[in-house]
Amino acid sequence: MAAQEETLNLPDRVCAALDGLLPEEAGGQLCIAFSGGLDSSVLLHALAQALADHPRYTLRAVYIDHQLQADSARWGRHCAAIAARLGVPCVIERVSVTAPGAKTADGLQAAARRARYQALREMLSPGEALLTAHHADDQLETVLLALMRGAGLGGLSAMPPCRRFGPGWHIRPMLDLERGQIEAWARAQALEWIEDPSNRAAHFERNYLRHWVVPALRRHHPVGARTAARSAAHVAEAAALVDELAMTDLATAADGRCLRVAALAGLSPARRRNLLRHWVKLCGARPPATRKLAALEHDMLSAAQDRNPCVAWDGWEVRRHRGLLYCEPALPPLPTAAMSWRWGMPLQLPAGPGRLAAVASADGGLAVEKLPDELRVCLRGGGEALRPQGHAHRRKLKKLLQTAHVLPWWRGRIPLVYAGETLIAVGDLWMAREFAAEPGAPAVRLVWEGRPQI
């Protein structure tokens, strides 16, 4: 009887969970990620019932069509019809799933998930809460997957019930419910839902756990999903404490966006690795795997002082220079050919981010009358020199870059601008004195738009 009552009260439980999880600043706009499957159908129906007389909230649904199944468009029409029946606005958004990781079955799922969440992030209004129908069994599967992949505290804490997401929040109000409870309520309400055939495919890791491993565990541990969720919550609390420790260490080790090697060396190995993981995450990179993190720690601390070590992973690089660590997106290959530039229009730079533009200037710059219609832009080849404006003598470019403390890995990527065979500018850092405009004469200044930290 108690279990039956629990199931009948499912809408109230979901609504109460939502009330407890939703931050005050989130407002009352709710957006349900509605796939038409069992779980999201229950979430939509339960909230539509519970919030019918709840003036605080406004509810809408979004169906993401990954276009991976032949029936995906029909599923979208089903979702729109169900939402209309409940009086809930529904939007259908199509995404394209293309990624290098999509070559394998699980890579395809991961690519689809990234595309889905990116679309949802872009659709969310400021302060709006995205609601997804993850439940306790999903949490158990996530914990098991994290264990099998050797995850750290962040992975083992599984899915948080509430987190910042784009301009709003991501809330999971059904994490305390088990799949059996959800299905029982759906059948009692005579709901209709979609069965995606890919959910039965055993070559997906999560499906294998769901259909073979978890049922075997449940036979010996009937409340395993709940206890695993409780463990994940404990791990999440520990992870938050570890993050606080990393922020404390970062306050003493940071130099702008960089880390001081000397400060890192003064930490215990565990705290050092914890700080490195936290720092690269703040920079926008995914924390490196255990082996890569060990290589990062070793190379940055042990390489000779005259070396500039680099450790790369997942499209990111950490480099060391003058006692500081830099974490930046990996640089593209260096182009070998020079580019022609009609300087009336900006030029996209292939050797790094940004573009070069010639902007009209009333207070000096390159003399327009001395510029040919077409300039040549290339990278260093060695031996370049110019007499910068304000300097009495010609200077080797190599010395100029060293004196200005330009980072070594950027010295070969700075665009050099030539008029014929004459070097007239080095990015927007220096321009040749002989091409400088006289006072009052028409002039342009070179601007490296989007110039990185060089």
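In which helix is the place of R179? In this predicted model, R179 belongs to helix α8, which covers residues 179–188. The side chain of R179 forms a polar contact with the side chain of E141, at 3.3 Å. When neighbours within four places in sequence are set aside, the residues in contact with R179 are H135, D137, D138, E141 and R210. E141 thus appears both in this contact list and as the partner of R179 in the side-chain polar contact.

A second region concerns strand β20 and the strands that pair with it. Strand β20 comprises residues 422–426, and four of these five residues are buried, so the strand is largely enclosed by the rest of the structure. Strand β19 (residues 416–419) pairs with β20 in the antiparallel sense, with four bridges between them. Within this pairing, Y418 has L423 of β20 as its bridge partner. Two residues lie between the strands in the hairpin of β19 and β20, and G420 adopts a positive phi near 65° there.

Strand β20 is also joined to strand β21 (residues 430–431), by two bridges and in an antiparallel arrangement. Here V426 stands opposite W430 of β21. The hairpin of β20 and β21 has three residues between the strands, and in it G427 takes a positive phi near 55°. Strand β20 therefore combines a largely enclosed position, with four of its five residues buried, with antiparallel bridges to β19 and to β21.

Terms used: Residues are numbered from 1 along each chain as its sequence is written. This is a predicted model: local features need pLDDT of at least 70, side-chain atom pairs count only at pLDDT 80 or more; totals for chains, interfaces and linings use all residues. Side-chain values use heavy atoms; hydrogens and water are left out. A polar contact is a pair of N or O atoms within 3.5 Å; within protein, one must be able to donate a hydrogen and the other to accept it, and residues adjacent in sequence count only if both atoms are side-chain atoms. Contact means heavy atoms within 4.5 Å. Buried means under 20% relative accessible area, exposed over 50%, partly exposed in between (1.4 Å probe, protein chains only). Two strands pair if DSSP finds at least two bridges between them.
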